[in-house]
Structure formats: C-alpha cells, structure tokens
Amino acid sequence: MAASYPPRWSALARDTNETKIQLALNLDGGDFPPDTDARLLDDQDSHASQASKSQKIAIDTGIGFLDHMLHALAKHANWSLAIKCQGDLHIDDHHTAEDVCIALGYAFAKALGTPTGLARYGFAYTPLDEALSRAVIDLSNRPYSVVDLGLKREFLGKLSCEMVPHCFQSFAQGARVTLHVHCLHGENDHHRAESAFKALAVAVKMATSRVAGKEGEVPSTKGTLTA
C-alpha cells in the first residue's frame with residue numbers, strides 16, 4: 001500500500017506600500033489549499049495560465065516576461081501555482097519582480113515544512129535550442145545564491161535583464177535555500193533566461209522528491225535543517 005503524505009501546499013498574502021501579492025502553491029500539483037485567496041480562484045485574466053488534470057497555473061504579475069518565466073518554473077517543477085501582484089510599475093519593475101520572487105520563496109518554504117525524507121539536493125542541465133543552463137539547489141536552510149546568466153540585452157519584454165538573476169536571488173532568500181544557477185552558453189537572451197528557469201524547476205523537483213525508506217529522516221549529518 002502506498003504511503004499517504006500530508007499536502008505540501010501554502011497560501012499567503014504579502015502587502016507593502018510597493019506591492020500587493022496573493023499567492024497559492026502546491027508543490028505536488030493538484031488543488032490549492034483551502035485558505036487560498038478567492039481573488040486567485042476567480043481570476044480569469046491571468047497572462048500565463050494553464051490547467052490540466054495534474055496542475056493549475058495562473059500568473060499575473062503585471063510583467064509579461066516574468067509571468068512567462070514563472071509559468072515555466074511551475075510547469076516543469078510539477079507545481080500548481082497561482083500568483084497575482086499589483087505593483088508600483090509606474091516606478092519600474094524592481095519592486096514587483098523582487099517581491100513576487102521573495103513571496104514565492106516564502107510560500108515554498110512554508111509548503112515544504114520540515115524537510116524530512118527528501119533528497120535535499122537537486123541539479124539539472126536544461127537546454128532551450130542553443131542555450132544550456134545548469135541549476136543546483138540545496139534545501140539547506142542557509143539562503144545563498146550564485147547566479148551568472150550572461151545576459152546582454154537591457155530588457156526582455158518589460159523585465160530588465162538585471163532583475164532576472166535578482167529573481168533567483170530573491171527566491172533563494174525567501175525559500176532559505178542554497179542556489180547556484182549558470183547559463184553555460186547561448187546566443188539568445190530569451191533562451192538563456194528561460195533555460196535557467198527550467199533548470200531550476202527540474203532541480204527543485206529532484207531536491208523535493210521523497211526517498212523511499214528515508215521517511216522521517218533528516219538528510220543532514222547535523223540531524224537538523226531548521227537551525
């Protein structure tokens with residue numbers, strides 16, 4: 001008989017003077033938690049949305065390229081993810097991109113809970129045409145990131161290229177993970193960025209996977225990943 005596990009999901013609202021964010025996440029796909037903000041469930045106008053028997057994705061940050069990247073992240077990590085953000089885009093894209101990725105990190109950490117019985121480490125190489133990226137993640141409870149994507153353009157859509165690595169850094173901060181992401185080669189900046197998000201997705205899926213026979217065990221020589 002297959003083991004039964006509690007849902008790995010979370011919902012949150014994060015409101016500041018710069019952004020107002022509603023977010024719901026299920027690390028294993030499927031439904032959203034019962035405390036999901038009704039505005040997410042009723043939103044039919046998300047710029048990046050997809051529904052299947054295993055996943056529900058609906059993302060609207062006000063920045064189309066960011067929506068596209070988070071859609072790719074959720075799809076290939078096998079998450080169900082809903083995000084809505086109203087940010088001060090009349091200033092620039094910084095607060096919206098940063099706060100959305102911090103909030104996503106918070107939701108990830110909350111959904112994951114105490115990381116017992118998990119692989120802990122994950123890595124992936126993911127291509128997109130001529131571009132190839134590598135992502136390596138450790139569910140370490142020690143937020144740290146090294147990101148080098150080699151982007152050359154000033155903007156991808158309405159997302160400034162300087163904010164793309166900062167999105168990974170902000171997620172690592174909120175999620176309290178150690179993260180290394182590098183684009184190894186590629187000519188097209190869209191491809192470079194998207195291959196990096198997809199690599200993160202596959203690495204996260206590996207790190208959060210359950211290891212048979214390790215139920216309840218903390219994958220650490222210290223005996224804890226929470227202090």
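Helices (H or I, at least four residues) and strands (E, at least two) are DSSP runs, numbered from the N terminus. The model is predicted: local features need pLDDT of at least 70, side-chain atom pairs count only at pLDDT 80 or more, and totals for chains, interfaces and linings use all residues. Residues are numbered from 1 along each chain as its sequence is written, and side-chain values use heavy atoms, with hydrogens and water left out.

**Exercise 1. The sheet**

Task: State in which order the four strands of the open sheet lie, and which strands form its edges.

Solution.
- Step 1. Two strands pair if DSSP finds at least two bridges between them.
- Step 2. The order is S6-S7-S11-S8, and the pairing is mixed.
- Step 3. Strand S6 (121–128) and strand S8 (144–148) each pair on one side only, which makes them the edge strands.
- Step 4. On average, neighbouring strands of this sheet are turned by 10 degrees against each other, direction ignored. Such angles run from 0 to 180 degrees between N-to-C directions, and the axes are lines fitted to C-alpha atoms, for helices over the stretch in contact.

**Exercise 2. Parallel or antiparallel**

Task: Find in which sense S8 pairs with S11, and in which sense S6 runs to S7.

Solution.
- Step 1. Strands of a sheet pair through backbone hydrogen bonds, either parallel or antiparallel.
- Step 2. Five bridges connect S8 with strand S11 (residues 178–185), in the parallel sense. Serine 145 has leucine 179 in S11 as its bridge partner.
- Step 3. S6 and S7 run antiparallel and are joined by eight bridges. Here threonine 126 stands opposite serine 133 in S7.
- Step 4. A hairpin is formed by S6 and S7, with two residues between them.

**Exercise 3. Helices on the sheet**

Task: Name the strands that helix H4 touches and those that helix H5 touches.

Solution.
- Step 1. Contact means heavy atoms within 4.5 Å.
- Step 2. Helix H4 (residues 163–175) packs on the sheet and touches S8 and S11; the direction of H4 makes about 165 degrees with that of S8.
- Step 3. Helix H5 (residues 189–207) also packs on the sheet, touching S6, strand S7 (131–138) and S11, and the direction of H5 makes about 150 degrees with that of S6.
- Step 4. The expected span of a helix is 1.5 Å times one less than its number of residues. For the 19 residues of H5 this gives 27 Å, and the end C-alpha atoms of H5 are 27 Å apart, so the two agree.
- Step 5. Buried means under 20% relative accessible area, exposed over 50%, partly exposed in between (1.4 Å probe, protein chains only). Because 15 of the 19 residues of H5 are buried, H5 is largely enclosed by the rest of the structure.

**Exercise 4. Aromatic pairs**

Task: Classify the pair of phenylalanine 108 and phenylalanine 171, and the pair of phenylalanine 168 and phenylalanine 197.

Solution.
- Step 1. Rings of Phe, Tyr and Trp (its six-membered ring) pair if their centres lie within 6.5 Å; planes under 30 degrees apart count as stacked, over 60 as edge-to-face and the rest as tilted. The count by this rule is three aromatic pairs.
- Step 2. The ring centres of phenylalanine 108 and phenylalanine 171 are 5.6 Å apart and the planes stand at 65 degrees, so this pair is edge-to-face.
- Step 3. Phenylalanine 108 is in helix H3 (residues 94–112) and phenylalanine 171 in helix H4, 63 residues apart.
- Step 4. Phenylalanine 168 and phenylalanine 197 are 4.4 Å apart centre to centre with 40 degrees between the planes, a tilted pair. Since phenylalanine 168 lies in helix H4 and phenylalanine 197 in helix H5, the pair ties together parts that are 29 residues apart in sequence.
- Step 5. Relative accessible area is 1% for phenylalanine 168, which is buried, and 3% for phenylalanine 197, also buried.
- Step 6. Trp79, Phe108 and Phe171 are linked into a cluster by ring pairs.

**Exercise 5. Positive phi**

Task: Locate asparagine 141 and arginine 176, and give the phi of each.

Solution.
- Step 1. Most residues other than glycine have a negative phi, and most peptide bonds are trans.
- Step 2. Asparagine 141 sits in the loop between S7 and S8, and its phi is near 65 degrees.
- Step 3. Arginine 176 sits in the loop between H4 and S11, with a positive phi of about 60 degrees. At a relative accessible area of 39%, arginine 176 is partly exposed.
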